[in-house]
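Please read the following report with the sequence and the model side by side, and find each residue as it is named.

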Amino acid sequence: LSQAQRVLTRERDSATYQRTLEACVSAARRLNQLTESMLTLATHDGDSITSKHEPTDLACITHDTSSPLQSLAEERHITLEFNLSTAPCLGDELRLSQIVLNLLSNALNHTADGGRIQLTTHSDSNHALFIITDNGYGIAEEHLPHIFDRFYRSDKSRTRITGGAGLGLSICKAIADEHGATLEVTSEVGKGSIFTLKLPRNVNEPYESRLNSSKFLRDQNCAR
């Protein structure tokens with residue numbers, strides 16, 4: 001707002017208008033993201049969210065959600081590795097995909113160019129698991145108990161402009177709690193972080209996952 005008001009005080013050259021408009025668009029996007037995140041948490045707090053817990057597969061959710069971020073990873077020469085085994089569960093695909101999207105975006109933001117991120121899904125007799133591992137900057141031990149707190153940001157040297165508002169992980173935790181799941185993190189500074197989502201399967205009948213379809217496998221190979 002300050003930049004726009006200053007530029008409007010007198011005539012400026014086109015380059016100045018261009019820079020100011022770009023700054024305004026960037027600020028508007030950040031404000032929109034913050035507003036949407038706060039609305040998501042507010043609806044969780046008010047129990048106004050009605051989730052559809054239907055048979056789904058964390059492997060398919062991970063594949064579909066991560067695809068749009070492939071180009072961003074490629075631009076930064078970050079390797080995305082996929083180790084997707086079928087992980088059937090009951091859940092809301094849209095909300096579970098938000099967990100995958102937030103965790104992958106978080107990994108990309110905290111991994112240096114040329115780094116590596118691995119996305120893994122598998123299941124055991126009781127749980128479906130999604131695990132995302134990066135070799136990024138890592139999180140200091142004293143910050144680990146707080147990273148799911150709202151507005152908490154472990155890297156105090158980064159501004160809110162570049163580092164976000166500290167709500168993405170809170171949203172992930174809220175969605176996990178809604179599904180009766182656990183979301184845990186282990187990390188070491190300079191070596192990277194591992195986030196693990198463990199979701200109760202609650203699937204008593206065979207679930208035909210499209211993970212086994214030839215098209216899915218071709219897409220997964222391309223995504224590597």
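At 57% relative accessibility, K191 counts as exposed, a word used here for a relative accessible area over 50%, while buried stands for under 20% and partly exposed for what lies in between (1.4 Å probe, protein chains only). Its partner in a salt bridge is E188, and the closest N and O atoms of the two are 3.6 Å apart; E188 is partly exposed, with a relative accessible area of 42%. A salt bridge is counted when a side-chain nitrogen of Lys or Arg lies within 4 Å of a carboxyl oxygen of Asp or Glu.

This is a predicted model, in which local features need pLDDT of at least 70 and side-chain atom pairs count only at pLDDT 80 or more, whereas totals for chains, interfaces and linings use all residues. Residues are numbered from 1 along each chain as its sequence is written, and side-chain values use heavy atoms, with hydrogens and water left out.

**The chain as a whole**

The protein chain has eight helices and seven strands, where helices (H or I, at least four residues) and strands (E, at least two) are DSSP runs numbered from the N terminus. Of the 224 residues in the protein chain, 38% are buried. Among the contacts in the chain with a separation of 6 or more, 72% join residues that are 24 or more positions apart, a contact being heavy atoms within 4.5 Å.

**Salt bridges**

The structure holds five salt bridges, including the three in this table.

| Pair | Closest N to O distance |
|---|---|
| R116 and E81 | 2.3 Å |
| K173 and D177 | 3.0 Å |
| E188 and K191 | 3.6 Å |

What does the pair of R116 and E81 tie together? R116 lies in strand β4 (residues 116-123) and E81 in strand β2 (residues 79-84), so the salt bridge links parts that are 35 residues apart in sequence. R116 is partly exposed, with a relative accessible area of 41%, and E81 is also partly exposed, at 27%.

K173 and D177, by contrast, both lie in helix α7, four residues apart, which is about one turn of the helix. An α-helix has 3.6 residues a turn, so residues three or four places apart point the same way. Both side chains are partly exposed, K173 at 28% relative accessibility and D177 at 43%. Leaving aside its neighbours within four places in sequence, K173 is in contact with F148 and L183. K173 and L197, which are 24 residues apart in sequence, are 9.4 Å apart in space, C-alpha to C-alpha.

**Helix α7 and its packing against α5**

The buried residues of α7 are L169, S170, I171, C172, A174, I175 and A176. The axes of helix α5 (residues 93-109) and helix α7 (residues 168-178) come within 9 Å and cross at roughly 150°; such axes are lines fitted to C-alpha atoms, for helices over the stretch in contact, and the angles run from 0 to 180 degrees between N-to-C directions. That makes α5 roughly antiparallel to α7, given that angles under 35 degrees count as roughly parallel, over 145 as roughly antiparallel, 65 to 115 as roughly perpendicular and the rest as oblique. The crossing is left-handed, which is said when the near helix is turned anticlockwise from the far one by less than a right angle, and right-handed is said if clockwise.

On the α5 side, R95, L96, Q98, I99, N102, L103 and N106 take part, and they meet G168, L169, I171, C172, I175, A176 and E178 in α7. By class, this contact has eight nonpolar, four polar and two charged residues, where Ala, Val, Leu, Ile, Met, Phe, Trp, Tyr, Cys and Pro count as nonpolar, Asp, Glu, Lys and Arg as charged, and the others, Gly among them, as polar.

**Helix α3 against α5**

Helix α3 (residues 58-66) and α5 pack at an angle of about 55°, with their axes 9 Å apart, and the two helices are therefore oblique to each other. α3 passes α5 in a right-handed crossing. The contact is made by L58, I61, T62, T65 and S66 of α3 and by E93, L96, S97, V100, L101 and L104 of α5.

**Two backbone angles**

Just after α7, G180 takes a positive phi of about 70°. H77 has a positive phi of about 60° although it is not a glycine, and H77 lies in the loop between α4 (70-75) and β2. Most residues other than glycine have a negative phi. At 60% relative accessibility, H77 counts as exposed.
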